[in-house]
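Please work through the exercises below with the structure open beside the text, and try each task before reading its solution.

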Amino acid sequence: MIEYPITIGDRKLESIPTRFGYGDGLVELGKRNPNVVVLGADLTSSTAADRFQKAFPDRFFSFGIAEQNMSAAAGGLSLVGKIPFVSTYGVFSTGRAWDQLRTTICYSNLNVKVGGAHGGVSVGPDGATHQTLEDLSVTRCLPNLTVVSPCDYYETKKATIAIGEKQGPCYIRFGREPMPVFTDEKTPFVLGEVTMFRQGKDCTIIATGHMVHRALVAAEKLEKEGLSVRVVNLHTIKPIDVKGIIACAKETGCIVTAEEHQMMGGMGSAVAEVVVQNLAVPMEIIGIRDRFGLSGDPEKLMEYFGLGVSHLMDAVRRVIDRKKKGGK
Amino acid sequence: MRMNKGVEELRQIATQIRIDIVKMLVQAGSGHLGGSLSVTDILVALYFNHMNIDPKNPCWEGRDYLILSKGHVCPALYAVLARAGYYPPEEMLTLRQLGGRLEGHPCKSRGLPGIEVSTGSLGQGIGVAGGIALGLKIDKKPNRVYSVNGDGELDEGSVWESVMSAGHYKLDNLTMIVDNNDLQIDGRIKDVMNLYPLKEKFLAFNWNVIECDGHDFKQLVDSLKKAEATKGKPTVIIAKTVKGKGVSFVEDKAEWHGKAPKPDEAVKALKELYALRNEVGRWKGATVELKPPKIAKELEALELEFAH
């Protein structure tokens with residue numbers, strides 16, 4: 001577990017979509033390695049892959065609205081030494097082309113990188129069809145696959161570069177809407193290792209993606225109530241940082257997880273798998289509760305689906321209460 | 001390098017491969033006999049005549065790539081790879097056994113030499129082949145890519161995404177061979193899902209189309225040469241075949257899609273194939289004869305009966 005304290009406080013944070021981090025990460029990778037190629041499925045600007053396309057037009061390949069072939073072809077490109085990034089919305093790259101991801105890419109353990117744009121309900125007005133809420137569940141069950149869900153622009157850029165330089169299949173999830181940038185170039189990011197952004201002893205919030213910023217805000221507010229809440233950023237969903245999670249369970253005695261994703265099979269489930277098999281402590285899982293998304297304003301949707309700061313604060317109070325009652 | 005074997009020797013090899021397939025399947029007790037026998041001649045023509053390969057150095061950079069998109073007929077590929085020298089022929093009898101490298105469907109990470117990618121879920125191999133072909137084009141490399149597909153497999157929509165994309169990128173280094181045995185698990189192609197007319201579909205996607213008899217080595221070899229000579233577009237060879245080819249009671253029967261012969265059926269099949277082997281001549285390259293324990297006794301008698 002890397003400790004790197006971050007305070008949000010009254011700072012006015014700039015908001016940038018995490019997808020821009022993906023696009024800028026691709027450009028940086030493109031400069032570092034001529035074998036990096038990017039594949040698009042007619043969503044090149046909305047995944048921010050157009051940044052790479054503009055920088056390296058000869059290394060961008062359009063596959064039309066045909067994600068199954070794009071994923072299989074990525075497998076083929078990797079077999080001749082290319083490092084292909086499949087770039088489309090998460091619902092398509094992990095949904096429509098899931099079997100290609102499973103059998104061609106993961107079963108063959110190919111060096112293919114899969115981007116999943118439009119993660120979560122914060123996609124907003126486009127509604128449920130385009131809000132990826134299942135990708136973490138359906139990717140983390142695939143052997144050989146690394147699954148990453150970074151928290152803001154800078155971390156998405158770092159994560160994109162990191163998976164591009166790691167051998168083997170990797171999936172990266174990112175979002176559409178501008179979100180607060182609270183890390184910077186220097187914030188540590190190590191694949192497979194959680195980062196503790198805030199120390200605390202009463203409870204740990206383990207958050208991923210857009211929920212990390214909210215977790216920090218919630219923790220700071222709870223401090224005023226006299227609660228000491230640790231905030232841990234779980235950016236690598238798989239392989240999961242077992243040691244880091246056990247340390248949180250041991251040191252704070254209860255855990256709240258927070259993700260902009262279905263509760264079933266997602267990051268909270270992954271954490272629970274570690275907790276119940278090692279050191280069972282009370283847990284609350286914040287996520288989408290077995291529903292599809294809706295159209296609406298991104299921020300209003302986050303509140304509507306129970307992903308707001310107040311929901312996190314409630315969950316922390318509940319779980320600490322359960323801890324005090326001996327886990328009941 | 002190309003093996004460039006002549007038609008006569010190709011026939012001998014194909015007969016040996018069919019014998020190997022029957023023996024592998026009877027020992028495994030499961031597997032796909034019908035399609036393995038229909039695709040045999042296609043794979044023999046590719047490996048023993050046309051493709052640039054180096055079996056002792058399977059990852060040779062200059063090699064041509066073969067993707068068995070219809071992964072369920074891997075017994076035929078496994079036998080061809082063994083007889084071409086990629087791995088020891090004795091290992092063929094480990095088909096579908098725990099701890100072996102010959103998975104029920106081809107598995108890249110089991111490490112069997114010559115398996116480029118895992119296949120078995122239909123409709124993906126042709127996309128992989130297209131990706132390889134595109135990658136080779138980017139690097140201006142001369143290697144060729146072959147994708148062997150089933151006709152039933154062409155029901156998968158993903159196949160047509162790949163066909164469209166190969167036409168779009170003018171992948172003339174890609175050849176697709178359709179093992180057109182006209183049967184799929186549930187029956188005739190036209191009854192399960194009418195795929196025809198097939199040629200016109202490929203033409204519409206800007207492909208070159210060659211039709212041939214998939215059991216005639218002269219036609220197969222000529223078609224592969226024509227495909228290689230075609231520039232500016234990918235080529236599909238629609239090879240008319242007979243499911244179960246070479247074993248009379250298996251031929252053209254959908255029920256033999258996913259079935260292995262029982263010991264008595266295997267002996268009956270081998271009798272026909274041994275007779276054929278005596279007719280076309282025993283291939284001198286087959287230094288090891290498989291002796292599946294399940295039919296050890298019967299095989300001994302059979303060897304005596306057909307000994308020269």
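The exercises that follow treat sheets, a chain contact, helix crossings and one residue.

This is a predicted model, in which local features need pLDDT of at least 70, side-chain atom pairs count only at pLDDT 80 or more, and totals for chains, interfaces and linings use all residues. Residues are numbered from 1 along each chain as its sequence is written, while chains are lettered from A and ligands numbered from 1 in the order in which they are written.

**Exercise 1**

Determine the strand order of the open sheet of five strands in chain B, and find which helix packs on the sheet.

Solution. Begin with the terms: helices (H or I, at least four residues) and strands (E, at least two) are DSSP runs, numbered from the N terminus, and two strands pair if DSSP finds at least two bridges between them. With these, the order is β1-β2-β3-β7-β6 of chain B, and the pairing is parallel. The edge strands are β1(B), residues 65–68, and β6(B), residues 208–213, each of which pairs on one side only. On average, neighbouring strands of this sheet are turned by 20° against each other, direction ignored; axes are lines fitted to C-alpha atoms, for helices over the stretch in contact, and angles run from 0 to 180 degrees between N-to-C directions.

Next, take the pairing of β6(B), which is joined by six bridges to the parallel strand β7(B), residues 235–240. Within this pair, Asn208(B) is placed opposite Thr235(B). Finally, helix α4(B), residues 125–138, packs on the sheet and touches β1, β2 (145–150) and β3 (174–180) of chain B, its direction making about 170° with that of β2(B); here two residues are in contact if their C-beta atoms, placed from the backbone, lie within 7 Å.

**Exercise 2**

Trace the partners of Met196(A) in the neighbouring strands, and place those strands in their sheet.

Solution. Strand β1(A), residues 2–3, runs parallel to β10(A), residues 195–198, and two bridges join them. Opposite Met196(A) of β10(A) stands Glu3(A). Towards β12(A), residues 229–233, β10(A) forms three bridges in an antiparallel pairing, and there the bridge partner of Met196(A) is Val232(A).

These strands belong to an open sheet of six strands, ordered β1-β10-β12-β11-β14-β15 in chain A, with mixed pairing. Since β1(A) and β15(A), residues 283–288, each have a single partner strand, one side of each is left without a neighbour in the sheet. Helix α10(A), residues 267–278, packs on this sheet, touching β11 (203–207), β14 (255–262) and β15 of chain A, and its direction makes about 145° with that of β14(A).

**Exercise 3**

Describe the side of chain A that touches chain B, and then classify how α3(A) crosses α5(B) and α4(B).

Solution. First, 21 residues of chain A are in contact with 22 residues of chain B. On the side of chain A, α3 (67–79) and α5 (98–106) each supply at least two residues, and α3(A) gives the most, with nine. By class, that side has 10 nonpolar, nine polar and two charged residues, where Ala, Val, Leu, Ile, Met, Phe, Trp, Tyr, Cys and Pro count as nonpolar, Asp, Glu, Lys and Arg as charged, and the others, Gly among them, as polar.

Second, α3(A) packs against α5(B), residues 157–168, at an angle of about 70°, with the axes 8 Å apart. The two helices are therefore roughly perpendicular to each other, given that angles under 35 degrees count as roughly parallel, over 145 as roughly antiparallel, 65 to 115 as roughly perpendicular and the rest as oblique.

Third, the axes of α3(A) and α4(B) come within 6 Å and cross at roughly 50°, so these helices are oblique to each other.

**Exercise 4**

Is Arg277(B) buried or exposed, and which residues does it touch?

Solution. Arg277(B) lies in helix α9(B), residues 263–280. Arg277(B) is buried because 20 other C-beta atoms lie within 10 Å; the cut-offs are 20 or more for buried, 12 or fewer for exposed, and partly exposed in between, with C-beta atoms placed from the backbone. Leaving out residues up to four places away in sequence, Arg277(B) touches Thr15(B), Ile19(B) and Arg282(B).
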